[in-house]
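The exercises below are meant to be worked with the sequence and the coordinates open side by side. Each task is followed by a solution that proceeds step by step.

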Amino acid sequence: MIVYLARRFVTMAVTLLVISALVFFIIKLPPGDFLTNQIAELRAQGEAASAAKAEFLIRQYGLDRPVWEQYLVWIGVWPGPQGFAGLLQGDWGWSFEYDKPVQLVVGDALWLTLLINLATVLFVHAVAIPIAIYSATHQYSLGDYVATLFGYLGLAIPNFLLALVLLFYVNRWFGVSIGGLFDPIYSNDPWTWAKVKSLLQHMIVPTLVIGLAGTAAMIRRMRANLLDELNKQYYVTAKAKGLPPTRALLKYPFRMSLNPFIADIGNLLPNLVSGSVLVSLVLNLPTVGPILLSALKSQDQFLAGFILMFVAVLTVVGMLVSDLLLAWLDPRIRLGGR
Amino acid sequence: MSETAGTAPSPRALQPGHFVDTAPFDAGHSEPLGSGDERLYRASAFKLIWWKFKRHRLAMISAIVLAAMYAMLPFIETIAPYGLTKRNGDFLYAPPQGIHLFHEGSLQRPFVYPYAFKFNLETFRRDYVVDRTRPQPIRFLCRGDSYDFLGLIPADFHLVCPPENGTMFILGTDRLGRDLFSRILYGARISLTVGLVGIAVSFALGLFFGGLAGYVGGWVDNVIQRVIEILRSLPELPLWLALSAALPPNWSPLLVFFGITIILGLLDWPGLARAVRSKLLSLREEDFVRAAELMGASRKRIIARHLIPNFMSHLIASATLSIPSMILGETALSFLGLGLRPPITSWGVLLNEAQNLAAVNLHPWLLFPIAPVVIVVLAFNFMGDGLRDAADPYH
């Protein structure tokens, strides 16, 4: 187990390293950067003093160095102007657009992103498993057809468009705005119970919208898996020996069909994270999505880079968790050796 | 005749109850094939796939719908009642105009009721009033806005035109008074080709890397596998965002179009490459490949005659299933303003106008481009499902 864990951690670290390089070079692809653009603008307006400040920032953050050196400084394995201060040391850099450290800009957005994604994963499982079990045990019943139809719709309707339509109808029919993650009156308040309640209420729609596609896919797959298992002899034997149907179902075929389910978290997560970024933009949720978009548009490199890395870490760690869960759930999976 | 009669025992000599067929023994004879079976045994793999696919009714309908849509693309100018950029300055944000058949209880040719608008000084909006006294018949097979047919031949022929001195906004107009229905038709051209170009890029990359991994094996396989794993663990959308933000702003819209499709293809190939690799590995072990090898077929012949045709059907099926994600990707990017830019018009670009709640609330018809997106995505999914089920005709 320990060997397996160590190996997984090493692969994870390598993956993240590759991703960080990819992310950084993609962000640096467009010519220029936030500061050089700003300096040009300030010069044009004749504000030499501000331009001097921007030039100071360029030196401060080493933007005048070659790209590979900037990258190494950014991840924290190369001495920058302030010595070793990069992602590895917990220094996430400076957001030029907001003129604040990245930490302060993203702040709560990180936790809310995590919260929404976690809630969506839980939602997908909580909804998909019972529906799939019902669908498989009552094959070709009315409920099964409804579930199948729902599955196809969930597959075809892109979640950001669904968010848009929901936004429209909820507003028109109920007169409430579903945008944002809590009522505007709480926006500057400290976290109180009332604020948490408001947060929970506002989370319902985003969770539903982001989770719909994933739920639909899971129902389809789980139904197929379960149908395969239901025809196997061990289940027939269990029933023939007189095990109550529910117990027989949950004890054997259900557990078997759950394996691909958990392995699927790895596939599910990148999609959920993508979906949450888009849906956040439409629903105006204070997650990292909208910040990322504006940072990319204005070439705010450390901010954009950090958010992309955060999203990548979220996915990679999620995959690790799903692998570990799988290993714990299925004793047939051998750890370590091949 | 006499020969066989002599060797066969005479029926009378047999014990009762033991039946022996008197017909002569024919070693080549076996169960006769029904005409249907005969057809089945002799059919080529392609034919078998086609028969199996035809049975999947939903997939068949989807295929027809898609074929009709793609067939329409070269003739959009003729089909659309208005030109792509035709502005109707008097009809900004006009709501959809219904097409009617009955005027005051009597059946007529299809017609529309004209709009009269007055400026509402309280809300500062244009209020459109339907004038139900003057039906204006729609013209068919008529002359309207001029265009270049296939980009070459100047023409002004249209299937449907707005009435003489009138308007026909089936799905309303946008903020510049452009007919949304015509724009959705024009948008189909871009939105539908994005998927094809993207999948071509992804297909080429997937085939190359998957083939390399499956065929060469060893450390090459290992490296490619790791790269695939890394790419698959990336959330696609943020990366698409980053890549499309990296497209130089001074590129022409056409270059941006190709840039976007290549970006979509670049991040899509790992799935295909994986399919190619696993299929190659499993096919290599099949009996018919072994048989061909034993019969002395060359490597080239085995690959070309046995391997490629066998996994091509699977690949085409999985490619079909990944076209919708490309179309959605383009829609999402354009919707966010990072993808295609006007004057190139795609469904995502059209939806870009419906981005904020105010626009959607006042002009809900701006959401109409969602409908073709959903239809196309569903159709590709159904067709892909049908193809995947049919791809393996021998099982």
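## Chain A and its contact with chain B

In this predicted model, chain A has 14 helices and two strands. Of the 338 residues in chain A, 36% are buried, and among the contacts in chain A with a separation of 6 or more, 67% join residues 24 or more positions apart.

**Exercise 1.** Determine how many residues each chain gives to the contact between the chains, and describe the side of chain A by residue class.

*Solution.* Counting by chain, the contact takes 37 residues from chain A and 30 residues from chain B. On the side of chain A that touches chain B, at least two residues come from each of α1 (2–28), α6 (142–156), α7 (159–174), α12 (265–283), α13 (288–297) and α14 (301–329). Sorting this side of chain A by class then gives 31 nonpolar, five polar and one charged residues.

**Exercise 2.** Classify the mutual orientation of α13(A) and α8(B) from their crossing angle, and list the residues that make their contact.

*Solution.* The axes of α13(A) and α8(B) come within 9 Å, and they cross at roughly 20°. Because angles under 35 degrees count as roughly parallel, α13(A) and α8(B) are roughly parallel to each other. The crossing of these two helices is right-handed. From α13(A) the contact draws on A:Leu292, A:Leu293, A:Leu296 and A:Lys297, and from α8(B) on B:Pro238, B:Leu241, B:Ala242 and B:Ala245; by class this amounts to seven nonpolar, no polar and one charged residues. As for the surroundings of α8 (residues 236–245) of chain B, the helix is mostly covered, with ten of its ten residues buried, including B:Trp240 and B:Glu236.

## Within chain B

**Exercise 3.** Carry out the corresponding analysis for α10 (residues 269–284) and α12 (residues 299–335) of chain B.

*Solution.* The two helices pack at an angle of about 155°, with their axes 10 Å apart. Since angles over 145 degrees count as roughly antiparallel, α10(B) is roughly antiparallel to α12(B). The crossing of α10(B) and α12(B) is right-handed. On the α10(B) side the residues that meet α12(B) include B:Gly271, B:Ala275 and B:Lys279, while on the α12(B) side they include B:Phe311, B:His314 and B:Ser318. The class count for this contact is nine nonpolar, five polar and one charged residues.

**Exercise 4.** Establish the strand order of the open sheet of three strands in chain B, and explain why one side of each edge strand has no neighbour.

*Solution.* The order is β1-β2-β5 (chain B), and the pairing is antiparallel. β1 and β5 (136–137) of chain B stand at the edges with a single partner strand each, so one side of each is left without a neighbour in the sheet. Turning to the pairing itself, β1 (residues 100–103) and β2 (residues 106–112) of chain B are joined over three bridges in the antiparallel sense. B:His100 stands opposite B:Phe111, and B:His103 has B:Ser106 as its bridge partner.

**Exercise 5.** Examine the phi values of B:Glu104 and B:Leu141, and decide whether B:Leu141 is buried or exposed.

*Solution.* Most residues other than glycine have a negative phi. B:Glu104 takes a positive phi near 50° in the hairpin of β1(B) and β2(B), which has two residues between the strands. B:Leu141, which lies in strand β6 (residues 139–149) of chain B, has a positive phi near 45°. With 10 C-beta neighbours inside 10 Å, B:Leu141 counts as exposed, because the cut-off for that class is 12 or fewer.

Definitions and conventions: Residues numbered from 1 in each chain as written. Chains lettered and ligands numbered in written order. Predicted model: local features only at pLDDT ≥ 70, side-chain atom pairs only at ≥ 80, totals over all residues. Buried ≥ 20, exposed ≤ 12 C-beta atoms within 10 Å, placed from the backbone. Helix = DSSP H or I, 4+ residues; strand = E, 2+ residues; numbered from the N terminus. Contact = placed C-beta atoms within 7 Å. Nonpolar A, V, L, I, M, F, W, Y, C, P; charged D, E, K, R; others polar. Pairing = 2+ DSSP bridges. Axes fitted to C-alpha atoms, helices over the stretch in contact; angles between N-to-C directions. Parallel < 35°, antiparallel > 145°, perpendicular 65-115°, else oblique. Left-handed = near helix turned anticlockwise from the far one by under 90°.
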